[in-house]
Every structure is written in C-alpha cells, then in structure tokens.
Amino acid sequence: RDSVASRGLGDVYKRQMQYYVHFIKSYVLYMLIMLVSAAVIGSVAMNRLRSSWKTLCSLWYVAIVCVMINIIRTEFDLNVYVDLVTFVCCAVMMACTGRNRLIYKKAVWIIVAFSVYFAASIWFQMLFPEQYRRCFANYLPERPMYVVLGLANEGAGYTGFSTNPGYTAGHLAAGILMVFAYTLTRPIKSKGFLGGCALLAFLLISMFMTGKRAPGVFILATLAAVLFVTLDKKQKMRTIKIAFKAGCIGILLLLIFRKPLSGIPFLARLFDTLEGLLSGEDVSNNRAILYEFGMKLFRMNPLFGVGWCNFRRMGAGVITQFTELEAHNIYLQLLCETGIVGAAVILTPIVVFLYQTYRAVVETARSTQAGAAGWKMLLLFSFGYQLYFVVNGAMDNLLYDHNYVILYFAALSMFMSYRRYQHKASFG
C-alpha cells in the first residue's frame with residue numbers, strides 16, 4: 001500500500017502541468033489524472049483516509065472547504081475548479097501516506113532528476129543556442145517563442161526546456177533543497193557529501209542563470225535557515241560569526257568583480273535593484289500596482305473577500321488591458337479574495353505544519369531511537385520546502401501554481417509519514 005501511494009505521488013508530480021498546459025492545454029485531462037490518482041490511493045488506504053480527520057490533516061480539510069465556498073461565490077470558470085481539484089487530491093494523498101520512509105525513495109529521485117534535467121537544459125540553451133532553437137523553441141507558439149529567445153538574447157534569463165524562467169526556477173529550488181538535505185545527512189569528506197556539494201553548486205548556479213530575483217534570494221535564505229536549525233547553540237554562534245565574515249568578504253568581492261559577474265542574470269538584477277533603491281526608483285517590477293489594486297479589492301469586502309481568483313479576473317481591463325495577473329503575493333491575494341476570515345482559515349494549516357515540522361527536525365536531531373535518524377533528510381527537505389513556500393509566497397503566486405502546490409503537499413506528506421512512524425497505529 002505504501003509503495004502504491006508513493007508511486008501515485010511520484011506519477012502526479014512527474015507528469016505535471018508543463019506538457020498538459022503548455023502543449024496539450026487540457027485542464028480536463030489534468031483533472032482526470034489527479035482524480036483517478038487520488039481515487040486509487042484513497043481506495044487502497046481507506047482506513048488512513050477515514051482516520052485522518054483526527055490529525056493535522058483536518059486543518060487542511062477545513063481550509064479546502066473554505067476554498068470551495070469562495071469558488072462557489074465566483075463566476076464559473078474551469079481554471080478555478082482546477083485549483084479545487086488540486087487541493088482535494090493533494091490532501092487525499094497526504095492523508096494516505098504510510099509510515100515507511102523508504103516509500104519516498106522514488107519521489108526523491110524524481111525531484112532531483114527533474115531539477116538536473118532543467119539545469120542541464122539551461123546550459124544547453126546557453127551553450128548551443130542554434131540547436132536549442134531547432135530542438136525546442138521552434139515548436140513553441142509564436143509569442144512564447146519570442147519571449148524565451150528574447151530573454152536569452154538580452155542576457156536577462158534562461159528558461160531551458162520551459163517557457164517560463166519562474167517554472168524552471170521552481171523545479172531547481174526543489175532539487176536544491178533535496179540535495180542540500182541529503183548533503184547535510186552525509187559524513188563530511190565522504191563521497192556522498194562531496195558529490196552533494198558539487199551537485200548543489202551546479203543547481204544553484206543554474207538557478208541564478210534563470211534571472212529570477214526573488215527565488216534566488218529566498219532559496220539562499222532558506223538554505224541558511226535549514227542549516228541553522230540543525231546546529232546546537234555553540235555551533236550556531238560560531239556559524240553566525242563565520243557567516244558575518246563571509247558575507248562581508250562576499251559583498252566586497254561582488255563590488256570588485258561586478259562587471260564580469262553581471263553576466264549572471266541573477267546578480268545583474270541584484271545590482272540593478274540596489275542601484276534602483278539608492279536612486280529611489282520602483283524596484284518591485286510593477287508589483288506596487290498589483291498590491292495597490294489588491295488593497296482596493298480588500299477594502300470592498302474585508303471580512304469575506306471578493307471570491308476565489310477574482311483578483312485576476314477583475315484586474316483585466318483595469319491594471320492591464322487584457323492579461324489576467326495574480327497578485328504576486330499569496331497573502332494579499334488571500335486577503336482580497338477570501339477576506340480576513342478565509343485568509344485566517346487557509347493560512348492556519350500552513351503555519352501549523354511549518355512549526356510542527358520544525359519541531360520534528362529538532363526532535364530527530366536529539367532522538368536516541370534507532371530509526372529516527374533515517375527520517376532526517378526527508379524532514380529537512382519538508383521543512384525547507386515549506387519555509388521556501390512561505391517566504392517566496394510574499395513575492396510570487398505559489399499557492400495558485402499547481403506545480404508548487406503539489407510539491408508542497410508532497411513535503412507535508414513526508415512530515416505526516418514521520419508522525420505515523422512515531423505513533424505506529426494512527427496519525428496523531
């Protein structure tokens with residue numbers, strides 16, 4: 001049963017939105033695959049699904065009901081119901097995972113493999129632009145093709161085998177966190193540790209080549225936080241001193257070698273951001289307009305909001321001519337679409353799971369149980385990805401992106417499996 005649940009999670013993640021939305025454009029097919037996967041997993045692990053309401057999973061059930069109510073308040077749109085299907089199916093998979101950590105072995109490899117795949121595609125695009133155009137770009141619709149090639153020609157960022165640098169950065173972030181968690185659990189100077197460091201460097205540099213500013217900054221902050229929680233008090237003080245010195249040296253080197261380093265899109269954007277801040281320019285990439293519109297919608301109905309996904313619908317023709325945009329801040333968008341009540345209900349499980357996973361990470365570091373140490377890598381990844389989801393959500397649309405949501409729930413599943421391992425007979 002555990003292996004079936006694991007294969008289901010891996011399959012849903014592996015066959016995700018890139019091909020169904022960007023090429024086939026079939027939301028119906030996507031929803032069918034999600035519903036069938038959830039139905040198979042739920043039927044195989046029905047006892048766990050029935051008992052999951054007694055656990056932390058119930059917080060997400062309440063949140064999903066809240067999303068459903070807000071969707072009903074919205075004018076019918078198939079895209080909106082895709083969000084609901086994604087939440088429901090992911091919650092079922094999270095509730096049905098077992099207590100054997102080995103069921104995630106395949107999922108771990110899938111996450112890392114996809115990350116390496118997209119990292120390699122970035123370098124293929126950079127080093128072999130003509131072959132990239134013939135093999136990939138020429139098969140894209142006209143507008144995405146010009147966007148992809150335009151970003152690369154300007155040196156503003158590389159997408160690899162996708163049409164969106166943010167999508168590529170999302171896959172890279174997941175792989176970076178998984179490889180980092182693996183590396184932290186290997187003995188220093190071992191082959192696993194050295195190999196992990198090399199792969200981590202490759203993935204990080206590849207992510208910087210996407211030119212995505214917020215994901216790059218937040219992944220570095222998340223890595224620092226994950227490392228910090230694994231240290232004892234003495235190590236933390238020593239690490240803070242080393243980090244301060246390394247930070248000063250790093251800033252100095254960036255200033256000295258600014259010109260050659262500007263060839264890295266992420267650093268080029270950071271330099272431009274710092275210059276803009278010093279000169280008093282708007283460096284939010286027009287997000288200030290989105291935030292102002294979001295606050296206007298929030299004031300229209302502060303308690304219950306204007307309805308799920310109505311930010312982008314009501315923004316078309318107001319903040320843009322035709323294009324529908326998200327708020328690029330999940331907290332503001334929740335407030336304006338679901339109000340104070342809905343935002344509190346939906347954010348509660350996000351905060352609770354993050355805190356409980358943090359406690360589990362600390363617990364495994366101190367535990368004397370023979371099997372507890374084996375969970376450390378999965379819990380480090382789970383905590384890291386949840387933290388990245390929370391902090392990057394302040395600048396991006398993670399809660400409204402099915403790729404991020406599915407992997408976020410996969411991270412929650414790892415934590416819930418650890419809870420099952422602790423209690424053996426029941427979740428909580």
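The following exercises, each with a worked solution, concern a predicted model.

**Exercise 1. Disulfides**

Determine how many disulfides a search of the whole structure finds, and examine Cys57 and Cys89 in this respect.

Solution.
Step 1. The criterion is a pair of cysteine sulfur atoms within 2.5 Å.
Step 2. For Cys57, the closest cysteine sulfur belongs to Cys96 and lies 8.8 Å away, which is too far for a bond.
Step 3. For Cys89, the closest cysteine sulfur is that of Cys90, at 7.1 Å, and this distance is likewise too far for a bond.
Step 4. The search of the whole structure returns 0 disulfides.
Step 5. As to solvent exposure, Cys57 has a relative accessible area of 0% and is buried. Cys89, at 1% relative accessibility, also counts as buried.

**Exercise 2. The second largest pocket**

Describe the volume, the lining and the residue classes of the second largest pocket.

Solution.
Step 1. The space in this pocket amounts to about 1,000 Å³.
Step 2. Its lining consists of 26 residues, and those closest to the pocket centre are Leu220, Gly247, Gly250, Ile251 and Leu254.
Step 3. Four elements are listed as giving two or more residues to the lining: α11 (191-208), α12 (213-229), α13 (233-256) and α15 (265-279).
Step 4. Helix α13 supplies the largest share, with 9 residues.
Step 5. Sorted by class, the lining comprises 21 nonpolar, 3 polar and 2 charged residues.

**Exercise 3. Helix α3**

Compare the expected span of helix α3 with the distance between its end C-alpha atoms, then establish how its buried residues are arranged around the axis.

Solution.
Step 1. Helix α3 covers residues 27-44, a run of 18 residues.
Step 2. The expected span is 1.5 Å times one less than the number of residues. For α3 this gives 26 Å.
Step 3. The end C-alpha atoms of α3 are 26 Å apart, so the two values agree.
Step 4. The buried residues in α3 are Tyr30, Met31, Met34, Ser37, Ala38, Ile41 and Gly42.
Step 5. Viewed down the axis of α3, these buried residues fall within an arc of 135°, and therefore they line one face of the helix.

**Exercise 4. Positive phi outside glycine**

Locate Lys189 and His328, and state what is noteworthy about the phi of each.

Solution.
Step 1. Most residues other than glycine have a negative phi.
Step 2. Lys189, although not a glycine, has a positive phi of about 75°.
Step 3. Lys189 belongs to the loop between α10 (165-184) and α11. With 72% relative accessibility, Lys189 counts as exposed, since the cut-off for that class is over 50%.
Step 4. His328, which is not a glycine either, has a positive phi of about 60°.
Step 5. The loop that holds His328 runs between α17 (310-315) and α18 (330-366).

**Exercise 5. Two buried helix residues and their distances**

For Phe266 and Thr364, give the helix, the burial and one C-alpha distance each.

Solution.
Step 1. Phe266 is part of helix α15, and Thr364 is part of helix α18.
Step 2. A residue is buried under 20% relative accessible area. Phe266, with 2%, is buried, and Thr364, at 6%, counts as buried too.
Step 3. Phe266 and Val44 are 222 residues apart along the chain, and their C-alpha atoms are separated by 45 Å.
Step 4. Thr364 and Met145 are 219 residues apart in sequence, with a C-alpha to C-alpha distance of 48 Å.

Definitions and conventions: Residues numbered from 1 in each chain as written. Predicted model: local features only at pLDDT ≥ 70, side-chain atom pairs only at ≥ 80, totals over all residues. Heavy atoms only, no water. Buried < 20%, exposed > 50% of the residue type's maximum accessible area, 1.4 Å probe, protein only. 1 Å grid on protein atoms, 1.4 Å probe; cavity = no way out; pocket = protein on both sides within 12 Å on 5 of 7 lines; lining within 4 Å. Points joined across faces, edges and corners; volume = space filled by probe spheres on them. Nonpolar A, V, L, I, M, F, W, Y, C, P; charged D, E, K, R; others polar. Arc of directions from axis to C-beta.
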